[in-house]
Amino acid sequence: MKRTIFAVLNIWKTKSILWPISLLCKMAKCVITGYPRGLIVEPSQKCTGGCAQCSPALNPVNLSPELLKSWLASAPASPVTIHFSGKHSDPLASPNLKLLTQIATKFSSMVSISTIGLGMKPGDELLPVDRWIFSIPAATEKSWQELRGSNELSQVIENIRTVQQKSKAMTEVVFTIWKQSAQDLKTFEQLKQKENWHHTQIVFGRFDSEGNHFGRKENIALNHKDSPYSLKGNSLIRNYTPKNCPLVDYLFLDAAGTLWPCPFANEKSLGLVKPTRDSWKITKQWKKQKQQRVYPECKWCL
Ligand code: SF4
């Protein structure tokens, strides 16, 4: 919550003086009607990372701008925030990203992009978003190579610089600690000073129960003193029981245009494929399920 308030204050600097009023009106409508205030959107099933050991989608699809528009136009309460992100994929891989972000800005008050920062095309830095979140998995070339099987650190740093120089959007850098980069904290702090990264966050890599991303057991920083997971025999266990669902007020729209309770809970019977008011009404029932963390994936969710 603190992070969101901080982001709102930073984004306000780039908006009109009256922007908080429209933000509050949208927020009030979501609260009164009981609809979620945030939507996470996956623009593409493709990825720009090209990491060794990763199995990219065989026939990746891109979210069509028309479908995003249909979902947003049929929503009884427009989301306050729209966040473009990937799920074993990256938003920058979408050929439709400019149109998608333009549509998002029409319907919501804050638009952000979360990316691994690779595959930026000229002009991407000027996309109409309020916040760029670059996620880096390592702060040294050596640990990046060990984790991803290639070294793209300098390329990402260059792309962050381009956004910092040319975009008015807030730029945030998130360092995710994995087993291979658990010793990189000091270097990350030095990089932060050198590159003038004003907004940063440090998080632990998550266990991915689907097993097809970095969150495989062998990549989790289990030996770190603050690791959220540990090993019991050969089994991975979570070190504490989180109280709340971290995405209780968010929904997830995947690149195929299907709406889900969150990016992780994806049992086939849950997905909504028709962008209608009736579909949105069903999403209201998900809130209680999420609060009770009833989905199998909730077991691993921090
Ligand atoms: S997996 Fe469960 S706890 Fe995690 S975001 Fe989804 S609904 Fe919430």
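Which residues come nearest to the ligand? In this predicted model, 13 residues surround the ligand, and those that come nearest are Cys245, Leu247, Cys262, Cys298 and Cys301. By character, the shell around the ligand comprises 10 nonpolar residues, three charged residues and no polar ones.

Confidence across the chain is given by a mean pLDDT of 91, with 98% of the residues at 70 or more. Among the elements of the chain, the highest mean pLDDT, 98, belongs to helix α3 (residues 65–74), and the lowest, 77, to helix α1 (residues 2–12). Where pLDDT is low, predicted coordinates should not be read in detail.

Helix α5 spans residues 141–148, and its residues Ser143, Trp144, Leu147 and Arg148 are buried. These four lie on the same side of α5 because they cover an arc of only 110° around the axis. An α-helix has 3.6 residues a turn, so residues three or four places apart point the same way. The packing partner of the buried residues of α5 is α6 (153–166). After α5 comes Gly149, which has a positive phi near 75°.

Positive phi values also occur at Asn196 and Arg293, neither of which is a glycine. Their settings are as follows.

| Residue | Phi | Location | C-beta neighbours within 10 Å |
|---|---|---|---|
| Asn196 | near 55° | loop between α7 (185–194) and β6 (199–204) | 10 |
| Arg293 | about 50° | segment after α8 (277–291) | 17 |

Asn196 counts as exposed because it has 10 C-beta neighbours inside 10 Å. Arg293, with 17 other C-beta atoms within 10 Å, is partly exposed.

Definitions and conventions
Residues numbered from 1 in each chain as written. Predicted model: local features only at pLDDT ≥ 70, side-chain atom pairs only at ≥ 80, totals over all residues. Near = placed C-beta within 6 Å. Nonpolar A, V, L, I, M, F, W, Y, C, P; charged D, E, K, R; others polar. pLDDT = per-residue confidence, 0-100. Helix = DSSP H or I, 4+ residues; strand = E, 2+ residues; numbered from the N terminus. Buried ≥ 20, exposed ≤ 12 C-beta atoms within 10 Å, placed from the backbone. Arc of directions from axis to C-beta. Contact = placed C-beta atoms within 7 Å.
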